[in-house]
Amino acid sequence: MKVEILTREEIKRAVKCTSLDNIVFDADISVLTSIKTGGKALCCFAADRMEDLKKIIDTCIKNKIKFIVVGDGTNIIFNDEYNDIVIIRLGKDFDFLRFADGDKIIAGAAYNLSKFVNSSAERGYDFSDLSGIPGTIGGSVMGNSGSKNTGICNFIESISYISNNDGIIMEKSSVLKNSDFNYRHFYIPDLAVLTGVVLKTRKSDRNNILIKIKERIKNKKLTQPVNAKSAGCFFRNPIYGSGSAGELIEACGLKGFIYGGSRISSKHANYIENFDNATSKDIFILSKIAKSMVMEKFGIKLEYEVKLIGF
Ligand SMILES: Cc1cc2nc3c(=O)[nH]c(=O)nc-3n(C[C@H](O)[C@H](O)[C@H](O)COP(=O)(O)OP(=O)(O)OC[C@H]3O[C@@H](n4cnc5c(N)ncnc54)[C@H](O)[C@@H]3O)c2cc1C
């Protein structure tokens, strides 16, 4: 069956036909991200229930409408234009945390990562390597976020997700394999939306864990611009070669360098801050400057860690 590409108005009509509530049309994107830039999206849908989530995905896939899930928007940058996409945010049914038998912890994709780390610590589960990282469980898993040596996927036993197999939408669960993830990377071919995870770790001393969390957060505040408007570390650290992405950018003399309303942080050179009404274009151009200077000086190609949408 041939599917025509719909016009903007036709897409809106198709979305309205779902009769779903919680849809904002011509949604302002900047409020959905921590860097606070970006234009508009065709609509933003808050999915509180699994059946509503499946309905909107089905509509999008059948009509060839692009969609994207946004968690807390702490690792994503949209362009400044009008984006013909449906933004999906996960609500109530996906915002939960349960401690089960056998040291298993079950979390919804919308659950806040810091709340998860702290609640787990109270029960003697050590996820301190993930402390101080903003965002949701879902966003965190999609980028395997974490610290220098570990990522959240190392703690995950299985995932639940909405699968899209050639247009067939269904709920699925699968055990996570080591080959599904690596440094700041996670990939399941048929995954459309991650809905939940089962995590596992060994129990240890609650007070020690709480001390480790406090130390990590203190250290993060000292070394990273955690209160600035940013999208976290902009580039992945190169796997080979000497130096982290931040060290390489700093060695190019770019700490504090300004382009438009954006700036390379003077605290940590792998962060780009929106310090004065920056546009996404300002930020993108500044990232290109950093990338090309690192290439010129060190012959190293930096790869983006942030998810750039529409660039
Ligand atoms: C101040 C600051 C400090 C940070 N420190 C760290 C750090 O120490 N370590 C680290 O690794 N990261 C860090 N980050 C980056 C960021 O916080 C993490 O990557 C975070 O886990 C992303 O979660 P999120 O909910 O904000 O994801 P979002 O930014 O909303 O989304 C990220 C990606 O995941 C996709 N996505 C989100 N939810 C789902 C879902 N349910 N199903 C399918 N796809 C989904 C989005 O489409 C997007 O591609 C930092 C960011 C900031 C602003």
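**Sheet and ligand shell**

Strands β1 and β2 (residues 40-47) are joined by 5 bridges and run antiparallel to each other. Within this pair, Ala27 has Ala41 of β2 as its bridge partner. The description here refers to a predicted model.

In general, the strands of a sheet are held in pairs by backbone hydrogen bonds, in either a parallel or an antiparallel arrangement. Here, 4 strands make up an open sheet with mixed pairing, and their order is β1-β2-β5-β3. β1 (23-28) and β3 are the edge strands, each of them paired on one side only. From one strand to the next, the twist averages 30°.

Two helices pack on this sheet. Helix α1 (residues 8-16) touches β1, β2 and β5 (82-90), and the direction of α1 makes about 10° with that of β2. Helix α2 (residues 50-62) is in contact with β2, β3 and β5. The angle between the directions of α2 and β2 is about 150°.

The surroundings of the ligand were also examined. The ligand is surrounded by 31 residues, of which the closest are Gly71, Gly135, Gly138, Gly139 and Gly232. Two or more residues of the shell come from each of β3 (66-69), α4 (137-142) and β12 (191-200). The largest contribution is that of α4, which gives 4 residues. β3 is thus named twice in this account, as an edge strand of the sheet and as an element of the ligand shell. Sorted by class, the shell contains 15 polar, 14 nonpolar and 2 charged residues.

Methods:
Residues numbered from 1 in each chain as written. Predicted model: local features only at pLDDT ≥ 70, side-chain atom pairs only at ≥ 80, totals over all residues. Near = placed C-beta within 6 Å. Nonpolar A, V, L, I, M, F, W, Y, C, P; charged D, E, K, R; others polar. Pairing = 2+ DSSP bridges. Axes fitted to C-alpha atoms, helices over the stretch in contact; angles between N-to-C directions. Contact = placed C-beta atoms within 7 Å.
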